[in-house]
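Hi,

Here is the structure I promised to pass on. Have a look at it first, and my notes on what turned up follow below.

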Amino acid sequence: MAKTIKTASSNKKNETIAETKAPIKLTKQHKIVIGSLLVLFSIALLFAFVSFFIYGQQDQSAVGELTDRSEIVENWLGKFGAFLANLLIYKGFGLAAFVFVRLFFLTGIYMVLGISVRKLKNTWFWDLFVIIILSILFGFFATSAPELGGTIGYELNLFLQDYLGKTGTLLTLIFGLIIYIIFKIKLSPESIQSFFNDTKKETNPTVNTEISNNKNTDYNLEEFAVVDEEDTIHLKTNGTQFEINKEALKPTINNSSDINRDPIAKPLAMEIMPPPLPEVMVGAGESFVIETAPEEDIIEENLASRLVADFGLFDPTLDLSNYKFPTIDLLKEYSTGGITINQEELEENKNRIVDTLRNYKIEIAQIKATVGPSVTLYEIVPEAGIRISKIKSLEDDIALSLSALGIRIIAPIPGKGTIGIEVPNKNPTMVSMKSVIGSAKFQEAEMELPIALGKTISNETFVVDLAKMPHLLMAGATGQGKSVGLNAVLTSLLYKKHPAEVKFVLVDPKKVELTLFNKIERHYLAKLPDMDDAIITDNAKVVNTLNSLCVEMDNRYTLLKDAMVRNIKEYNDKFKARKLNPENGHRFLPYIVLVVDEFADLIMTAGKEVEVPIARLAQLARAIGIHLIIATQRPSVNVITGLIKANFPARIAFRVTSKIDSRTILDTQGADQLIGRGDMLYTNGNDVVRVQCAFIDTPEVEKITEFIGSQKAYATAYLLPEFIGEDSGINLDMDISDRDTLFREAAEIIVNAQQGSASLLQRKLKLGYNRAGRLIDQLEAAGIVGPFEGSKARSVNILDMSSLDQFFNNEQNK
């Protein structure tokens, strides 16, 4: 008891000491003021040093009398400048003190620009190193002019000569200069040889200019992304023999607001040379005449090359060239970004797992813990001879011993020789969208459509490419995070893609989940020409939109065929290189992302009318840049059919209520053991990855859409091609002579049953589907039945047989 009280008191003491030693944070205004002061001080120091070498001898008498105002000095910085110059040059390092001017100037510039000063530590180290070397070197050669090496350099030189002699001192100084040249200037024999080789060669000035431009356009994102030292791991107790996987607990980058988000188009470094003309040999007796082949294709290639040389690559973002990507400051930080390890909880859970397995005569050779935001993964290595299935069967027993919800056993972990036991943390850490968007993994992701979903158990940002999925299926019970997951997907694309590069088709049967994106309609959304709202909330309009996307898909495949390319990336690259003529219908093709928030509701109201176009898009639309994201809260087999599952390899499962639903969405169990609140499993046909979905609240989405909506936009939303359904294309003025011989009999059946459907005519008249469909079309043209209404039966406009007889009599009298 006394030991525990002592440990608790020591913990409190450590916490109070940590609080008192917390670093003082400088605001942006403070950094600008201090940085400006350092820049001006470096300039003043330069003037003081230069004037010291001009008037230093005259100012010697006034250096020691700073308080005497009658003393006159010639230094350009007055008495203070004379004192500083005398201190740093004469009594200090001599000529080498000029390096201090560079150091103070660079430090001030970095603070004014908001760049981390910690990056200067390498510069400070090497500059201080070269100050000492140069000071001793000048002191070695300066016997009559002591101010060249300063007092420090002269005394250090004498100290080295006493022990090493003049020759040893000179060799030591030369060795120090060699260290500086190799490690700081990075000069090597290979670089010297290449320099002399380059000077001998005659280089093309245009090529040199192009190479230098390429170097200027490249930038390293790590220079702007700064890792905050406060995002560290806090241990609640010190001593333990329990192994913790600390490699996975790396702090995230969450202050990337300074990252340059403007897209930079790198110039195309290509040698514009016409290909050699093929030669044709024409026989003429014993001699041969060489004729050149026609030049049509070559002229076209040369024209494209000249266009690129004159105008450069085509820029699809030119219409909105001043568009600014949303800043990371619009997102809210819900946590510090670090994970607090509760050492007592880890030890307690470890002991319970070991004891439970030991009760069933299962010995553990090794156990390791990886702490994540909401779940801790315990990796165990059983003793030799232990069957994995035996540990798998103890899932409920381990959950009982830990008194935890959502125990999940992975036996074995793919790619490792261990068995994983996932245990929820008692105090889970919320994963904010800001920490995910600001992470280096997302910022540096070289993907076509990068999506930041959240963080894995190892606390790594989980980023996937929608273009390679190529479609995403999301399922989970109500309130488990599907809508937040959709917002995270859309937000990721808004932060990375320009409005000219991606368009969204949003289907929201709930009418409230995606309405905030109405503000970016003319930037990012796509719709049919006759629609008022870009976000579709009426299920009756979904069918036309899906079929319109199928028409867009067919049109794009025609463009790819004419351009002789295989996918949208190759097509757009060819269009940017001005090798495709817009007068022939070619255009830059943006990616189109279809988002359906509640797919089960569409299946209930429209049925096959929705499933067929979605299956077509899922099968064919990948190559031409149309990608589907479908979410549903009821992952049953009649909603997620086999036809849909076959074309949606990438799936996300939030918490579901039963193992059957988990197998329906993932083809394996595990989703029923999640803990909810954004806890999800992701699979792309291979391994299943557990991810804590990033949380983004409605006010954050509203800020982002307002930021984008307040900027200059296109005249209208991206217009999809019009779709004219087969049923709406019936000729209402159909000739009576073209009617089917069974037309009257079919009309009598429809009127008697008061139900207009082709299946009814198939059963009653024993017809095939095609003929029954034609009869329905003719009955609609005659006005006997109403128009097509999705999965519902058509309305019948004639109520009884007497009205039908009167209808036919009127037709005969015409």
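**Notes on the sheet and a helix pair**

Let me start in the middle of things: Leu594 has Leu628 in β16 as its bridge partner. That contact belongs to the pairing of β15 with β16, a parallel one with five bridges. Before you read on, keep in mind that this is a predicted model.

Zooming out, the sheet is an open one made of nine strands, ordered β11-β10-β19-β18-β17-β12-β16-β15-β13, with mixed pairing. At the edges sit β11 (461–465) and β13 (502–507), each of which pairs on one side only. On average, neighbouring strands are turned by 30° against each other, if you ignore direction.

Now for β12, residues 472–475. This strand pairs with β17 (residues 650–653) in the parallel sense, over four bridges. It also runs parallel to β16, again joined by four bridges. Leu473 shows up in both pairings: it stands opposite Arg651 in β17 and opposite Ile630 in β16.

Two helices pack on this sheet. Helix α20 (residues 599–606) touches β13, β15 (591–596) and β16 (626–632), and its direction makes about 90° with that of β16. Helix α23 (residues 659–666) touches β12, β17 and β18 (679–683), and its direction makes about 155° with that of β17.

So how many residues of β16 are buried? Seven of its seven, so to speak a mostly covered strand. In a regular strand, side chains alternate between the two faces of the sheet. For β16, both faces are covered: Ile626, Leu628, Ile630 and Thr632 are buried on one side, and His627, Ile629 and Ala631 are buried on the other. Two of these residues came up above, since Leu628 is the bridge partner of Leu594 and Ile630 stands opposite Leu473.

Away from the sheet, there is a helix pair to look at. Helix α2 (residues 28–55) packs against helix α5 (residues 98–113) at an angle of about 160°, and their axes are 7 Å apart. Angles over 145 degrees count as roughly antiparallel, and that is why α2 is roughly antiparallel to α5. Their crossing is left-handed. As for what lines the contact of α2 with α5, its residues split into 18 nonpolar, five polar and one charged.

Cheers

Note on methods: Residues numbered from 1 in each chain as written. Predicted model: local features only at pLDDT ≥ 70, side-chain atom pairs only at ≥ 80, totals over all residues. Heavy atoms only, no water. Pairing = 2+ DSSP bridges. Axes fitted to C-alpha atoms, helices over the stretch in contact; angles between N-to-C directions. Contact = heavy atoms within 4.5 Å. Parallel < 35°, antiparallel > 145°, perpendicular 65-115°, else oblique. Left-handed = near helix turned anticlockwise from the far one by under 90°. Nonpolar A, V, L, I, M, F, W, Y, C, P; charged D, E, K, R; others polar. Buried < 20%, exposed > 50% of the residue type's maximum accessible area, 1.4 Å probe, protein only.
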